[in-house]
Amino acid sequence: MLKGKKILIGITGSIAAYKIPLLIRLLKKEGAEVKIVMTPCAKDFVTPLTLSTLSQQPVLIEPYDKTDGSWNSHVDWGRWADVFIMAPVSANTLAKMASGIADNLLTTTYLAAKCTVFFAPAMDLDMFHHPTTQKNIDTLLSYGNHLIAPQEGELASGLCGAGRMEEPEEILRIVTDFFLKRNLLSGKKVLISAGPTYELIDPVRFIGNFSSGKMGYALAEDAAARGAQVALVSGPVGLKPLHPGISLISVTSAEQMAEACFSEFKSSDITIMAAAVADYTVTDPAPVKIKKSGDKLTIELSKTTDILATLGKQKRAGQFLAGFALETDNEKSNALIKLKNKNLDMIVLNSLNDQGAGFGHDTNKVTIITSDGAEAEVPLKSKKDVATVILDVISVRL
Ligand code: CTP
């Protein structure tokens with residue numbers, strides 16, 4: 001899968017460095033050329049001899065050889081690579097990368113690199129959660145670097161929590177995925193809506209729903225990984241997009257979501273409405289907090305605009321429009337009615353009757369139905385994997 005791909009690995013002084021020999025073997029087995037640059041401190045955790053034996057390349061540590069003055073060019077290494085995987089990245093190197101400090105061969109190579117950079121932090125949970133580290137990660141993401149997020153688990157300190165470097169097998173999967181997908185949707189604009197909408201009753205209360213936004217965010221990440229420019233219109237959720245190709249447009253109400261979608265739709269090639277949009281909104285939200293009085297309270301609701309149906313009417317030739325259908329009964333026939341009535345190219349059917357599917361879960365089980373009559377049952381998978389299947393179906397059709 002990685003034949004001919006040039007991969008540079010940057011190792012810093014973290015105990016997770018012991019996982020890198022395995023990563024090198026996995027990458028080499030897939031046919032990649034692998035070179036290693038490491039900080040002097042990283043030598044205390046994994047030996048250069050192990051790394052050079054496995055990579056079949058000399059390992060670079062110092063900017064120049066003190067005995068004969070020969071130079072190890074950080075510029076050449078950064079330009080040689082198709083992908084630079086910084087793993088593990090300590091809190092210290094993370095801070096240096098975020099602020100442009102170039103005080104060793106690894107950090108100078110990072111600063112000079114022209115290729116895609118992945119970084120896999122590894123540190124103790126309190127260091128990881130420290131606001132400085134979180135701010136540094138955000139800064140690196142804003143510069144277009146790709147985060148390989150650390151996992152929760154047992155840490156070298158004996159504590160348990162986030163900070164454990166991702167496993168080599170998963171890093172291999174992420175890198176392979178990157179090469180497989182990167183150009184599939186390049187030059188395409190993708191609009192994705194995600195999450196719930198909140199309809200205000202008064203300044204402190206709202207009508208909402210249980211949508212977590214996970215499905216929509218997974219779709220946005222996958223589309224961006226395929227090289228698309230993604231506009232993610234999101235209701236209030238506790239998530240943030242990671243890929244630099246995603247522009248986030250945060251909204252609260254169905255009306256705001258409609259406005260954002262209508263404006264982005266004109267220039268979009270693919271639109272996927274994954275948001276759980278309120279069908280009704282409060283007719284007259286109270287300007288001040290409603291005080292308790294009487295045994296009953298009646299709130300009048302008015303129908304919102306059906307965003308997807310409106311987009312279906314505006315759709316031009318060449319634009320691909322997909323919606324979701326969340327059903328509890330007569331699932332398939334209801335989904336088919338929505339596919340036809342809203343003039344869609346695809347509908348993704350979610351049944352709340354399926355265990356592990358729908359709101360809040362990390363997994364989903366869906367049926368993808370396209371307007372050409374094709375139908376694909378996707379068994380229970382992570383929302384990330386379901387997003388990949390959905391975008392595979394769309395990519396093929398485009
Ligand atoms: N949708 C939308 N605007 C709305 C309501 C729904 O764009 N005001 C979109 C959703 O994002 C989803 C699709 O329409 O992609 C279907 O949503 P769903 O709630 O399943 O269906 P509705 O059309 O609202 O019909 P019903 O609630 O009666 O099943």
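This report walks through a predicted model of a protein chain with its ligand, from the overall build to the ligand site and then to some individual residues.

## The chain as a whole

Let us start with the big picture. The protein chain has 398 residues, and 48% of them are buried. Its secondary structure adds up to 13 helices and 19 strands. If you draw a box along the principal axes, the C-alpha atoms fill roughly 85 × 50 × 35 Å.

## Where the ligand sits

The ligand is found in the second largest pocket. Two elements each give two or more residues to the shell around it: helix α11, covering 307–314, and strand β16, covering 320–327. Of the elements, β16 contributes the most, with 4 residues.

In total, 16 residues surround the ligand. The closest are M273, A275, L308, F324 and K342, so these are handy names to look up in the viewer. By character, the shell splits into 9 nonpolar, 3 polar and 4 charged residues.

## Polar contacts to the ligand

Which side chain places an N or O atom 2.9 Å from an oxygen atom of the ligand? That side chain belongs to D279. The backbone takes part too: a polar backbone atom of F324 lies 2.9 Å from a ligand oxygen, and a polar backbone atom of L326 lies 3.2 Å from a ligand oxygen. F324 also appears in the list of closest residues.

How much of the ligand does the protein cover? On its own, the ligand has 570 Å² of accessible area, and the protein covers 76% of that.

## T12 and its partner S90

Now to the single residues, beginning close to the start of the numbering. T12 belongs to the loop that links β1 (6–11) to α1 (20–29). Is T12 buried or exposed? Its relative accessible area is 1%, and because buried means under 20%, T12 counts as buried. A polar atom of the T12 side chain is 3.0 Å from the backbone nitrogen of S90.

## Around strand β3

The loop between α3 (74–80) and β3 (83–89) holds D82. With a relative accessibility of 27%, D82 is partly exposed, because this value falls between the 20% and 50% limits. D82 and L8 are 74 residues apart along the chain, yet their C-alpha atoms are separated by 7.9 Å.

Strand β3 also contains P88. The peptide bond joining A87 and P88 is cis, with omega at about -10°.

## Neighbours in one loop: Q56 and Q57

The loop between α2 (48–55) and α3 is home to Q56 and to Q57. Q56 has a positive phi of about 60°, although it is not a glycine. Q56 is exposed, because its relative accessible area of 59% is over the 50% limit.

Q57 counts as partly exposed, at 24% relative accessibility. Here is a distance you can check in the viewer: Q57 and P40 are 17 residues apart in sequence, and their C-alpha atoms are 18 Å apart in space.

## N145 and its contacts

N145 is located in the loop between α7 (131–142) and β5 (146–147). Its relative accessibility is 5%, so N145 counts as buried under the 20% limit.

Which atoms does the N145 side chain meet? There is a polar contact of 3.1 Å between the side chains of N145 and Y110. In addition, a polar atom of the N145 side chain lies 2.8 Å from the backbone oxygen of L140.

## N330, following β16

Our last stop follows the strand that gives the most residues to the ligand shell. N330 lies in the loop between β16 and α12 (331–341). Phi of N330 is near 45°, a positive value in a residue other than glycine.

Is N330 buried or exposed? It is exposed, because its relative accessible area of 52% is over 50%.

Conventions. Residues numbered from 1 in each chain as written. Predicted model: local features only at pLDDT ≥ 70, side-chain atom pairs only at ≥ 80, totals over all residues. Heavy atoms only, no water. Near = heavy atom within 4 Å. Polar contact = N/O pair within 3.5 Å; in protein donor to acceptor, adjacent residues only side chain to side chain. Areas by Shrake-Rupley, 256 points an atom, 1.4 Å probe, with all protein chains shown as cover. 1 Å grid on protein atoms, 1.4 Å probe; cavity = no way out; pocket = protein on both sides within 12 Å on 5 of 7 lines; lining within 4 Å. Sits in = over half its atoms within 2 Å of the grid points. Nonpolar A, V, L, I, M, F, W, Y, C, P; charged D, E, K, R; others polar. Buried < 20%, exposed > 50% of the residue type's maximum accessible area, 1.4 Å probe, protein only.
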